[in-house]
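Open the model in your viewer and switch to cartoon view. Have your selection tool ready for a short tour.

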Amino acid sequence: MNNVRSNIHRNAPAARNFTGKGVGIAVLDTGICPHPDFMLPQSRIAAFSDFIGRRTFPYDDHGHGTHICGICSGSGFASRGKYCGIAPDSHLIVGKILDRHGNGNIPSILEAIRWVIDTKARYQTRILNISVGTDTKEPVSEDSVLVRGVNEAWDAGLIVVAAAGNNGPAPMSVTSPGISRKIITVGAADDDRHVFIHGQRIRSYSGRGPTRECIQKPDVIAPGSDIISCGNQPEKGITYVSRSGTSMSTAIVTGCIALLLEKSPDMTNKEVKLKLRATCDDLGFSANRQGWGMINLGRLL
């Protein structure tokens with residue numbers, strides 16, 4: 001799967017009328033590099049804050065965050081439209097919460113979530129994309145500080161979209177904060193394929209529910225295997241790269257929601273969640289693998 005936007009829009013003609021214009025997407029990840037697809041024809045990085053190195057300029061010394069931002073909001077400028085994000089006119093509010101190895105800490109994540117909440121009016125932020133999850137083997141409850149943090153963002157009116165994680169296929173393998181019953185948790189629809197994640201060749205990777213509190217998760221699934229998006233070293237010719245995981249699925253759902261908000265800007269986060277539930281395609285998987293089913297952008301709009 002190469003051009004996410006064209007592949008999804010091929011089956012959703014109504015979506016071609018929307019580009020996410022005016023919708024702010026907050027992405028908490030490894031950062032964002034000033035890739036041409038975010039800077040041209042004009043910059044759409046509305047804000048950047050570094051909660052790891054405290055630098056003031058946008059950068060990404062890992063690449064994961066840049067890839068996520070490209071799926072959500074890449075303009076496709078560097079590829080003449082071949083590799084274009086789903087909501088290419090949306091703008092980005094990026095917090096770097098993970099270091100060059102993809103590691104982070106809870107205090108920095110909570111600080112970043114608070115920053116997104118406090119600045120949402122300034123940057124017209126509607127969606128908070130968190131394509132990261134805890135890597136602990138210990139049970140994590142809904143009362144954990146990370147889950148409480150994303151719940152606070154949800155209660156502040158943000159549409160929080162989080163990854164189910166890549167620890168499947170066992171039950172109760174959804175990572176935190178995706179275990180929150182409030183937010184929208186996204187799994188991969190195509191994890192039956194062998195892919196490379198963190199240097200390992202795996203399949204059936206998408207986190208499965210239920211949670212330890214017996215909540216059905218994920219809520220929705222989307223493509224996540226071999227997604228091509230922006231690379232973090234365009235100056236070295238690494239303009240686009242392929243990555244796999246529920247992180248990519250999460251960014252696809254975020255981009256689709258941005259189009260929905262452009263069409264219906266007054267929708268609340270609860271209304272968006274209900275709209276998703278009513279418009280997904282049942283792929284015939286168990287509820288704790290697919291949730292409501294695969295996102296269907298045409299029906300969503």
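Select helix 3 (residues 64–73) and helix 6 (residues 246–263) in this predicted model. Helix 3 passes helix 6 in a right-handed crossing. The two pack at an angle of about 35°. Their axes are 8 Å apart.

Now show side chains at the contact. From helix 3, pick H64, H67, I68, I71 and C72. From helix 6, pick S247, M248, A251, I252, T254 and G255. Colour them by class: the contact has 6 nonpolar and 5 polar residues. No charged residues take part in this contact between helix 3 and helix 6.

Keep helix 6 selected and add the strands it lies across. These are strand 1 (24–29), strand 4 (125–130), strand 5 (159–163), strand 6 (184–188) and strand 9. Look along strand 5: helix 6 runs at about 160° to this strand.

Next, select the whole sheet. It is open and has 7 strands, paired in parallel. Trace the order 2-3-1-4-5-6-9. Turn the view to follow the twist, which averages 25° from one strand to the next.

Which strands stand at the edges? Select strand 2 (45–50) and strand 9 (220–222). Each has a single partner strand, so one side of each is left without a neighbour in the sheet.

Finish at strand 2. Add strand 3 (residues 91–96), which runs parallel to strand 2. The two are joined by 5 bridges. For one pair to zoom in on, pick I45: its bridge partner in strand 3 is L92. Strands of a sheet pair through backbone hydrogen bonds, so show backbone atoms here.

Conventions. Residues are numbered from 1 along each chain as its sequence is written. This is a predicted model: local features need pLDDT of at least 70, side-chain atom pairs count only at pLDDT 80 or more; totals for chains, interfaces and linings use all residues. Side-chain values use heavy atoms; hydrogens and water are left out. Axes are lines fitted to C-alpha atoms, for helices over the stretch in contact, and angles run from 0 to 180 degrees between N-to-C directions. Helices (H or I, at least four residues) and strands (E, at least two) are DSSP runs, numbered from the N terminus. A crossing is left-handed if the near helix is turned anticlockwise from the far one by less than a right angle, and right-handed if clockwise. Contact means heavy atoms within 4.5 Å. Ala, Val, Leu, Ile, Met, Phe, Trp, Tyr, Cys and Pro count as nonpolar, Asp, Glu, Lys and Arg as charged, and the others, Gly among them, as polar. Two strands pair if DSSP finds at least two bridges between them.
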